[in-house]
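The following note is addressed to a colleague who is beginning to read protein structures. It concerns the empty spaces in the model and two of its residues.

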Amino acid sequence: MNNPDRTTVVILGAGRGGIALLELLTHLPRVEIAGIADEDTSAPALPYANQLKIPITQDLLSLIRQPGTHLIVNVTGDSNIDRLIVAHKHVETEVLGGVASKVLWDLAQHVAKIQSQLFQTEKLAGMGTFASGIAHDINNPLYILLAFSENILEETDVSTIHERARSIIEAGKRIQGICQNITQYARTAKAVDPCTVNVNDKLDEALKIARYATILQDLSIVRKYAENVEVLANPNELFQVFVNLMTNAIHAMEGRGTLTLSSCCENGVGKISIADTGSGIPTENLEKIFDPFFTTKPPGQGTGLGLHNVRAIIKKYGGELRVVSEVGKGTTFTIELPKSPM
Ligand SMILES: Nc1ncnc2c1ncn2[C@@H]1O[C@H](COP(=O)(O)OP(=O)(O)OP(=O)(O)O)[C@@H](O)[C@H]1O
Ligand SMILES: [Mg+2]
């Protein structure tokens, strides 16, 4: 029996537009995608539908005839399919085809573009909170660089001068490394098709950025990584997910505590958790933390888009995001992502 509050949709055609359409519809809580059909088994939206656990078929007619469907969206661009639908669909099933489906297709792509702009905006806004951490990290090698340069001006012993020069180069390279990390991070992430991502490497890469969220050094990092944990995702987006969760954790600990990063793989599903020993989240806020613009941080220190984007990305790849928290003890966010299309 269908849930009366939900609209059951089936999609005919799994071309490039099918991907944008799947992305758009999976974000709508009252829409259920009951299936997608394409005669071409190599159609690009099919692996994505698989990952989202949406039934796929080559038999368009069976999907057209499927009972309980409220709406058939035809994005095959084939007018013969329009005729097939009219001849075989259930009376109560509505149809979106022709120009109307093309408009929906365009809208879906437009939403995908805006979503990626939103990710980039949130990322750049969040970089402000890294400023003092970055300055702190640059300050130490900068101090060595200046002190040893001054020392060389007065030093006459050649071997000491060489030794100092080596330290100066070393300090310069450290600053160069910091600058490279930051410019790489700030760059707009290229749209990449989902691929197999090594989770442990991504967690380590993200930590290099997230640790700028504090200038306090009193932070223990515990890694509990299983070997070869892989998931299917856009590597840039997954990186952003990890940076957001780690930054929140570090902020919640106010620079002091233990950040535990864990990864494992169970039954083809990659499990990642990011746990902190920070302030914890009050029960009444647990419902709200994923809402766009919900933040408990002072103005200028948080946009409240971090977790909203994290959830959107995880959902896009058919994954799960869970949170367990206790006030005064800490918080654990757990992500589950399929390793490959089922
Ligand atoms: N690990 C955590 N421990 C305690 N509270 C948390 C944690 N993660 C998130 N929160 C709470 O959830 C709120 C929303 O988090 P979210 O990442 O969406 O936004 P933000 O961190 O406030 O701002 P930003 O958009 O810069 O990330 C935070 O303001 C904080 O109150
Ligand atoms: Mg945040």
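1. The model discussed here is predicted. The points below treat a pocket, then a cavity, and then two individual residues.

2. Four elements each supply at least two residues of the lining of the second largest pocket: α5 (98-127), α9 (235-252), α11 (306-316) and β12 (330-338). Among these, α9 gives the largest share of the lining, with 9 residues. The student may wish to locate these segments in the structure before reading further.

3. The volume of this second largest pocket is about 960 Å³. Its lining is made up of 40 residues, and those that lie nearest the centre of the pocket are N248, H251, T295, T296 and K297.

4. What is the chemical character of the lining of the second largest pocket? The residues comprise 20 polar, 15 nonpolar and 5 charged ones.

5. A general remark on method is useful before turning to the cavity. Empty space left between atoms is revealed when a probe the size of a water molecule is rolled over them.

6. How many cavities of 30 Å³ or more does a search of the whole structure find? The search finds 1 such cavity. The largest cavity holds about 50 Å³ of space. Two elements, α1 (16-26) and α5, give two or more residues to the lining of the largest cavity.

7. The residues that line the largest cavity are A20, E23, L24, H27, A108, V111, A112, Q115 and K316. Helix α5 provides the largest share of this lining, namely 4 residues. By character, the lining of the largest cavity divides into 5 nonpolar, 2 polar and 2 charged residues. Helix α5 thus deserves attention twice, for it also supplies at least two residues of the lining of the second largest pocket.

8. Residue S101 belongs to helix α5. Is S101 buried or exposed? The relative accessible area of S101 is 4%, and the cut-off for a buried residue is under 20%, so S101 is buried. When neighbours within four places in sequence are left aside, S101 is in contact with V73, N74, V75 and L96.

9. Residue Q240 is found in helix α9. Because its relative accessible area is 8%, which falls under 20%, Q240 counts as buried. Apart from its neighbours within four places in sequence, Q240 makes contact with E122, K123 and Y185. Helix α9, in which Q240 lies, is also the element that gives 9 residues to the lining of the second largest pocket.

Note on methods:
Residues numbered from 1 in each chain as written. Chains lettered and ligands numbered in written order. Predicted model: local features only at pLDDT ≥ 70, side-chain atom pairs only at ≥ 80, totals over all residues. Heavy atoms only, no water. 1 Å grid on protein atoms, 1.4 Å probe; cavity = no way out; pocket = protein on both sides within 12 Å on 5 of 7 lines; lining within 4 Å. Points joined across faces, edges and corners; volume = space filled by probe spheres on them. Nonpolar A, V, L, I, M, F, W, Y, C, P; charged D, E, K, R; others polar. Buried < 20%, exposed > 50% of the residue type's maximum accessible area, 1.4 Å probe, protein only. Contact = heavy atoms within 4.5 Å.
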